[in-house]
Amino acid sequence: MKAQLEKVKAEALEAIAKAESAQDLENVRVSYLGKKSPLTAVLKNMGSLTPEERPVMGALGNSVREAITNALEEAKKEIGKKELAKKLEKETIDVTLPAKKCSCGKLHPLTSIQREMEEIFLGMGFSIAEGPEVETDYYNFTALNTPEFHPARDVQDTFYITDKVLLRSQTSTTQVHAMEENKPPIRVISPGRVYRSDAVDATHSPMFHQCEGLVIDKGITMSDLKGTLLLFAKQMFGEKTEIRFRPHHFPFTEPSCEVDVSCFVCGGSGCSVCKGEGWIEILGAGMVHPNVLRMSGIDPEVYSGFAFGMGIERIVMTKFGISDMRLLYENDVRFLSQF
Ligand code: DAH
């Protein structure tokens, strides 16, 4: 019996040494340690031994089982390593393949110009305020000296949600919020989206962006407005830029004006960017109307102020020479990556 056990052990170890895969090892395990294995058969015969022989043979049987189990474990580890090495060799990276392109995003021109504006005005001591895009007609019109039935309401074809609630058609609404929420001195700009029921074409969109400005303090005059806008224009369009004020009408300012900058491409002599004019219109402005101050709780006898509002698309298009506004909203990377 002892000889039989030794033979089983020797055969098993040889089979393990020959095994080449995890499956081979599993087959060895089943045939040498399984229920139908010679080892099990030998151990089943223990009954025929004398009581003295039994523990000796039992111990030998166990040691054979242990030796086979250990050898299987060892071989399993070795084969695992070999299989991994083979797999790594097969799956090596082919460094000659062209690399996957990783594209890098950048700010949309509307965002970058808006941030540039913010930086310029922050540098002059303004702070930045935000206002809601859904407004009541009070903030969009009434408080801006445009009562119901005033013809100026029709000029800005507005999206109404109810009779009294609408999408703001101008960022001038933020003037009213700023005056209601703060005591003078007030110095804020407020960039954001505005909406008008306009059909889409090269220069119109039902949604666009404006940036409002408001300054209220004692003794503010039109010359403060001029100085502020001149400084802005020089920083936005270049040191040589000049500005020009043309009389205009807005219900919420008196006097009111439109402001042009000298063409930064031709310097004023006339070119395709300024359409031969030498000047480019960039914003509307004026001295805040006493009615507007009064409605928002500011005494026009004590305080005065100026306001201005500009279209951000217009500035972007002028600065980058873009002739069709729709390009700004199409999100075509080939277009956007140029700026
Ligand atoms: N809200 C005007 C518009 O959308 C622009 C404007 C004009 C704003 C004069 C002002 C201003 O603050 O003083 O056309």
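How many salt bridges does a search of the whole structure find? The count is 17, and we'll stop at a few of them on the way round. Keep in mind that this is a predicted model.

**Stop 1: the two domains**

Start zoomed out and colour by domain: residues 2-90 make up domain 1, and 109-336 make up domain 2. Put a centroid on the C-alpha atoms of each, and you'll get 89 Å between domain 1 and domain 2. For another ruler check, pick the C-alpha atoms of T50 and F141. These two sit 91 residues apart along the chain, and their C-alpha atoms are separated by 114 Å. While T50 is selected, note that this residue belongs to the loop linking α3 (38-44) to α4. T50 is partly exposed, with 35% relative accessible area.

**Stop 2: helices of domain 1**

Now select helix α1, residues 2-18, and show the side chains of E14 and K18. They form a salt bridge, with 3.3 Å from N to O. Both partners are in α1, 4 residues apart, which is about one turn of the helix. How much of each is on show? E14 is partly exposed at 47% relative accessible area, while K18 is exposed at 60%.

Next, go to helix α4, which covers residues 53-90, and look at K90 in it. K90 has a relative accessible area of 73%, so it counts as exposed. Add K82, K86 and K87 to the selection: together with K90, these lysines gather in a patch of positive charge on the surface.

**Stop 3: backbone oddities in domain 2**

Which peptide bond has omega near 0°? Select P184 and P185: the bond from P184 to P185 is cis. P185 is in the loop between α8 (173-181) and β4 (186-195). There is also a cis peptide bond between E254 and P255, with omega about -5°. This time the proline, P255, is in a strand, namely β7 (residues 253-262).

If you have a Ramachandran plot handy, click on N145 and K275. N145 is not a glycine, yet its phi is positive, near 60°. You'll find N145 in the loop between α6 (137-140) and α7 (152-155). Is N145 buried or exposed? Its relative accessible area is 16%, under the 20% cut-off, so N145 is buried.

K275 also has a positive phi without being a glycine, near 55°. This lysine is in the loop between β7 and β8 (279-288). K275 is exposed, at 72% relative accessible area.

**Stop 4: salt bridges in domain 2**

Show K234 and E242 as sticks. They form a salt bridge whose closest N and O atoms are 3.9 Å apart. K234 counts as buried at 18% relative accessibility, whereas E242 counts as partly exposed at 40%.

For the last pair, select R246 and D260, whose side chains meet in a salt bridge at 2.8 Å, N to O. R246 is in strand β6 (residues 243-248) and D260 is in strand β7, so this pair ties together parts that are 14 residues apart in sequence. R246 is partly exposed, with a relative accessible area of 26%, but D260 is buried at 2%.

Leave that pair on screen and add R244, E258 and E281. With R246 and D260, these residues are linked in a network of salt bridges.

Terms used
Residues numbered from 1 in each chain as written. Predicted model: local features only at pLDDT ≥ 70, side-chain atom pairs only at ≥ 80, totals over all residues. Heavy atoms only, no water. Patch = residues over 30% accessible without salt bridge, like charges linked within 9 Å, V, L, I, M, F, W, Y side chains within 5 Å. Areas by Shrake-Rupley, 256 points an atom, 1.4 Å probe, with all protein chains shown as cover. Salt bridge = Lys/Arg side-chain N within 4 Å of Asp/Glu carboxyl O. Lys, Arg positive; Asp, Glu negative; His and termini not counted. Charge placed at Lys NZ, Arg CZ, Asp CG, Glu CD. Helix = DSSP H or I, 4+ residues; strand = E, 2+ residues; numbered from the N terminus. Buried < 20%, exposed > 50% of the residue type's maximum accessible area, 1.4 Å probe, protein only. Domains from an automatic or database assignment.
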